[in-house]
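The following exercises concern one protein structure. Each consists of a task and a solution worked step by step.

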Amino acid sequence: MINPARIKDEFLDLASISSLSRREGAIARRLESILKGMGASVEVDDAGEKVGGETGNLLARFTGTKDGAPPFLLSAHMDTVGPAEKIHLVVEGDIVRTDRSTVLGGDDKAGIVAIFEAIRALREGNIPHGDIEVVLSICEESGLLGAKHFDTSRIRATRGLVLDVDGVCELITRAPAANRLSFTVTGLEAHAGVCPERGMSAIQIASEAIAGMQLGRVDGETTANLGLIQGGLATNIVPTRVVVHGETRSLDVAKLESQTQHMRGRFEEAAARHSLRLDNGEHRARVDVTVERQYEPLHIADSAPVVALVAGAARGLGWPFKTRATGGGSDANVYATRGVEVANLACGMRDIHTVNEWVDLKDIHTTAAIVLETVRLNAVSS
């Protein structure tokens, strides 16, 4: 009942629309039109106003066809990372990529297309199902901001799926908690050619901190990265200030806090080694540290009903299936923290967050079939 030609046409349509975080207005209008054409009621919330974007999250509702069947949540995100200004698609059979000047946006338009196709096939086939609630979020790539600003009391579903991870026939049941870190190092400015000894280089201090820091793959459950450095005014001025932004993630919250403390400690120790006595008194370098919890971990037991539904769907369709952990967060982290039993279903995207991103349309077909069967089984199990 899944329609491959329709999947292809819709994916190419959506992938051609630029939808960077906070600039999802065009894609939101297109998705709202599609959803209404499918028979859904659609609402747009105020998340866009809260994050300075063009639109809010979309909440669509499809009325169920089986009395007493529990509602089910399906969710994906509208935004993409960059570069994604003018997208030139390249289609080779079932493989879709770009000319490598931009990302493809299969993250997460593959998920959106799979959701839409599953719902169409359910309704065209008159397959009994409960109410279906679809949340299409904004600004997922900017720290899950759309989901964080979505009022989950507006949905009735207590169980569902987010479609937002690479691979196929896989279900993410464990995902990390994450801390966002900011280190502001303050030294002392001086003329770099005339009297450099009267200054303390904030860049040098930061480099000392970074040089001995554990970064990258810390262990099997933990990663850390410093991704942005800003500072300095000119090459002839000893820099007085530098700001370093980074993150750490872990499937284990205790390890997350340990890595956070390690990164903080490296900066504090480096700053403590630098002081300078001048005629106007003693000057000490300092560092100000900001730690923000981006999201809490996702941890769904393999025995959870939603996992059993997806496993049963894949098994019934004759496909292999496995659960696994990932190092990336998703809207599922937010929904799970708020009491929704939710996992993250792979939907065919590959090489995401790069200009080499590609999608095999057959994987979207497989994913849509799994979603369809999962929603059907959700109604049968009631």
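**Exercise 1. Determine what share of the residues in the protein chain is buried, and describe the chain as a whole.**

Step 1. Of the 382 residues in the protein chain, 52% are buried, where buried means under 20% relative accessible area, exposed over 50%, and partly exposed in between (1.4 Å probe, protein chains only). The model is predicted: local features need pLDDT of at least 70, side-chain atom pairs count only at pLDDT 80 or more, and totals for chains, interfaces and linings use all residues. Residues are numbered from 1 along each chain as its sequence is written, and side-chain values use heavy atoms, with hydrogens and water left out.

Step 2. The protein chain exposes about 15,900 Å², of which carbon and sulfur atoms supply 48%; accessible areas come from the Shrake-Rupley method with a 1.4 Å probe, and for residues only the protein chains shown count as cover.

Step 3. The C-alpha trace spans about 85 × 40 × 35 Å along its principal axes. The chain contains 10 helices and 22 strands, taken as DSSP runs (helices: H or I, at least four residues; strands: E, at least two) numbered from the N terminus.

Step 4. Among contacts between residues at least 6 apart in sequence, 78% join residues at least 24 apart; a contact means heavy atoms within 4.5 Å.

**Exercise 2. Identify which residues a cis peptide bond joins, and place them in the secondary structure.**

Step 1. As background, most peptide bonds are trans, and most residues other than glycine have a negative phi.

Step 2. Glycine 82 and proline 83 are joined by a cis peptide bond with omega of about -5°. Proline 83 belongs to the loop between β3 (72-77) and β4 (89-92).

Step 3. A cis peptide bond also joins aspartate 107 and aspartate 108, with omega about 25°. Aspartate 108 is part of helix α4 (residues 106-124).

**Exercise 3. For leucine 144 and aspartate 351, each with a positive phi, decide whether the residue is buried or partly exposed.**

Step 1. Leucine 144, although not a glycine, has a positive phi of about 60°. The residue lies in the loop between β6 (132-137) and α5 (145-148). Leucine 144 counts as buried because its relative accessibility is 3%.

Step 2. Aspartate 351, likewise not a glycine, has a positive phi of about 50°. Its location is the loop between β21 (349-350) and β22 (358-360). Since its relative accessibility is 44%, aspartate 351 counts as partly exposed.

**Exercise 4. Explain why cysteine 169 forms no bond with cysteine 347.**

Step 1. The structure holds 0 disulfides, a disulfide being a pair of cysteine sulfur atoms within 2.5 Å.

Step 2. The closest cysteine sulfur to that of cysteine 169 is in cysteine 347, at 12 Å, and this is too far for a bond.

Step 3. Cysteine 169 is buried at a relative accessible area of 10%, and cysteine 347 is buried at 0%.

**Exercise 5. Find how many aromatic pairs the whole structure has, and characterise the geometry.**

Step 1. The search finds 1 aromatic pair. Rings of Phe, Tyr and Trp (its six-membered ring) pair if their centres lie within 6.5 Å; planes under 30 degrees apart count as stacked, over 60 as edge-to-face and the rest as tilted.

Step 2. The ring centres of phenylalanine 183 and phenylalanine 267 are 4.1 Å apart and their planes lie at 10°, so the pair is stacked.

Step 3. Because phenylalanine 183 lies in strand β9 (residues 177-186) and phenylalanine 267 in helix α7 (residues 253-272), the pair ties together parts that are 84 residues apart in sequence.

Step 4. Phenylalanine 183 is buried, with a relative accessible area of 1%; phenylalanine 267 is buried, with a value of 1%.
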